[in-house]
Amino acid sequence: MAGQVETLTSASGLISLLDEEERELQYYGLIQLEAVADRFWTEISDSITKIEVLYEDESFEHRKLAALVASKIYFHLGEFDDALNFALGADDLFRLEDTSAYVQTVVNHAIDKYIELRSRNDDDGEAEAAIDGRLEFVVERMVERCFETKDYGQVVGISIEARRLDILERALASGDTRSLLAYVQHDCIDLISNIRVQRQVQELVVKVQMSFAEPDYEAICLGLSKLYNPARTADILRQLVQGDGDKVLSAYQIAFDLNANATQEFTKAVVLALTPGEEPEAAGSESAAVGRIKSILSGDETLKLHLEFLFRNNKTDMLILNHTCKLMDSRL
C-alpha cells in the first residue's frame, strides 16, 4: 500500500472517493489523502470543501481524520488560523510528539493564539470563557512535554507570556530553582508590559526566594525595591546586621546595590524605615552598622569612596599644574 501511494502522480482518484456514498470508501479516501497531503496539497486544496463537509457531518464516524486532512491542507496554504482550528477538531489524531514542520508550526501558532487571548482577557478584565478549551488543552499538553524533557526555560517563557503564574511557580520548583529565578529576575520581568502582571511575577519570585533555607537576600531586596516595599527591606537589613560578620557585610553590599539600582525615593524610604529601629539599648556595633547602612543608602558613603578613589589614583604633577594655572591667570 505504501508503494502504491509513493507511485501516485495525481490525487484525483483519491479525491473522487470522497463523493462515494459508502462511508468506508470515504474513510479509505481520507486515509490516503492524509498520507499524500504534503505532496498533492495544491490539487487537494481545490476540493477542500468536500473534506470540510465530512468533518461537519455529525453522523460521520471519522470526522477527526477529515479535520486532520483539512488542517494539513490549510497549513500548506498558509492559513494558519484555519489549520489550527481543524487541528483542534482532529483531537488525539493531532500528535504533539511529531516533529514535522506541520505540527511544530501549528503548535507554535496555538501557543501564540493562547497567549494573545489570555493577554486580551487579562487586560480587558474579561473572563476566560472566550478561550477554546481544546486550545488550552493543546497548550497544556505542550507544557507537559516541556516538563518531561526538562525544558524549563521554555515553560517559564510560555507561562509568563500567557500569564499563568501557577505554571511558572511549578517550573521554578521543578528545575534548577536558583538559575531559573535569576533568569526570570534579570531577563524576563522587565520585558513584561503589563505593570500588574509584572508585579505579580515579582511577588512570586520574592516568595520563592524566601522559601530557601539560605535565601539570596541581595536578590530579594532588589525585588522588594521593584515592589516598593521599604519596610520589608529595612527588616531584612536589620536582621542581617544582627548576625555574624559575613551577614553584616552582606547588608552593606545590599545597601550599595540599592543605592546603585533602586530609585532615590525608595532608598530614602528605607532610611526612614531603619530610623525607628534604632533603640538606645541596641548594641553599639549593631547601631553603628545600621548607621553605616543609612549612610550608604543616602549616597554619602559612595561619594566618599569615589572621592577617595580619585585622590588615591591621581597621577597629576601638581607642580606642572600650578605653573600652568599661573600662566593662564596672567594671560586672562
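Is D190 buried or exposed? With a relative accessibility of 54%, D190 counts as exposed. The model is a predicted one, and the salt bridges are a handy place to start reading it.

A search of the whole structure turns up 18 salt bridges. D190 takes part in one of them, pairing with the side chain of K226 at an N to O distance of 3.6 Å. K226 sits in helix α13 (residues 217-226), while D190 belongs to the loop between α11 (177-188) and α12 (195-210), so this pair ties together parts that are 36 residues apart in sequence. K226 itself is partly exposed, at 44% relative accessibility.

A second bridge links R238 and D235, whose closest N and O atoms are 3.2 Å apart. Here the partners are 3 residues apart in helix α14 (residues 230-241), which puts about one helical turn between them. R238 is buried, with a relative accessible area of 16%, whereas D235 comes out as partly exposed at 43%. Salt bridges with shared partners also join E136, E140, R164 and D166 into one network. Then there is the pair R134 and D132, whose side chains meet at 3.0 Å, N to O. Both ends of that bridge are partly exposed: R134 has a relative accessibility of 38%, and D132 has 29%.

Next, the surface patches. E20, E21, E22, E24 and E61 gather into a patch of negative charge on the surface. One of these residues, E24, is found in helix α3 (residues 23-45) and counts as exposed because its relative accessibility is 54%, above the 50% cut-off. A nonpolar surface patch of about 560 Å² is built from L303, L307, F309, L310 and F311. Within that group, L310 has its place in helix α18 (residues 300-312) and is likewise exposed, with 54% relative accessibility.

Backbone angles come next. Most residues other than glycine have a negative phi. D91 has a positive one, near 55 degrees, and R163 also has a positive value, near 60 degrees. D91 is found in the loop between α6 (80-90) and α7 (101-124), and it is the residue whose positive phi follows α6. The helix before it has a run of buried residues to its name: A83, L84, F86, A87, L88, G89 and A90. D91, by contrast, is partly exposed, at 36% relative accessibility. R163 lies in the loop between α9 (152-161) and α10 (165-174). Despite that loop position, R163 counts as buried because its relative accessibility of 15% falls under the 20% cut-off.

That leaves the cysteines. How many disulfides does the count come to? The total is 0. C146 is in no disulfide, and the nearest cysteine sulfur, that of C188, is 15 Å away; since a disulfide calls for sulfur atoms within 2.5 Å, that pair does not qualify. C146 is buried, with a relative accessible area of 5%. C221 is buried too, its relative accessible area being 0%.

How values were computed:
Residues numbered from 1 in each chain as written. Predicted model: local features only at pLDDT ≥ 70, side-chain atom pairs only at ≥ 80, totals over all residues. Heavy atoms only, no water. Patch = residues over 30% accessible without salt bridge, like charges linked within 9 Å, V, L, I, M, F, W, Y side chains within 5 Å. Areas by Shrake-Rupley, 256 points an atom, 1.4 Å probe, with all protein chains shown as cover. Salt bridge = Lys/Arg side-chain N within 4 Å of Asp/Glu carboxyl O. Lys, Arg positive; Asp, Glu negative; His and termini not counted. Charge placed at Lys NZ, Arg CZ, Asp CG, Glu CD. Helix = DSSP H or I, 4+ residues; strand = E, 2+ residues; numbered from the N terminus. Buried < 20%, exposed > 50% of the residue type's maximum accessible area, 1.4 Å probe, protein only.
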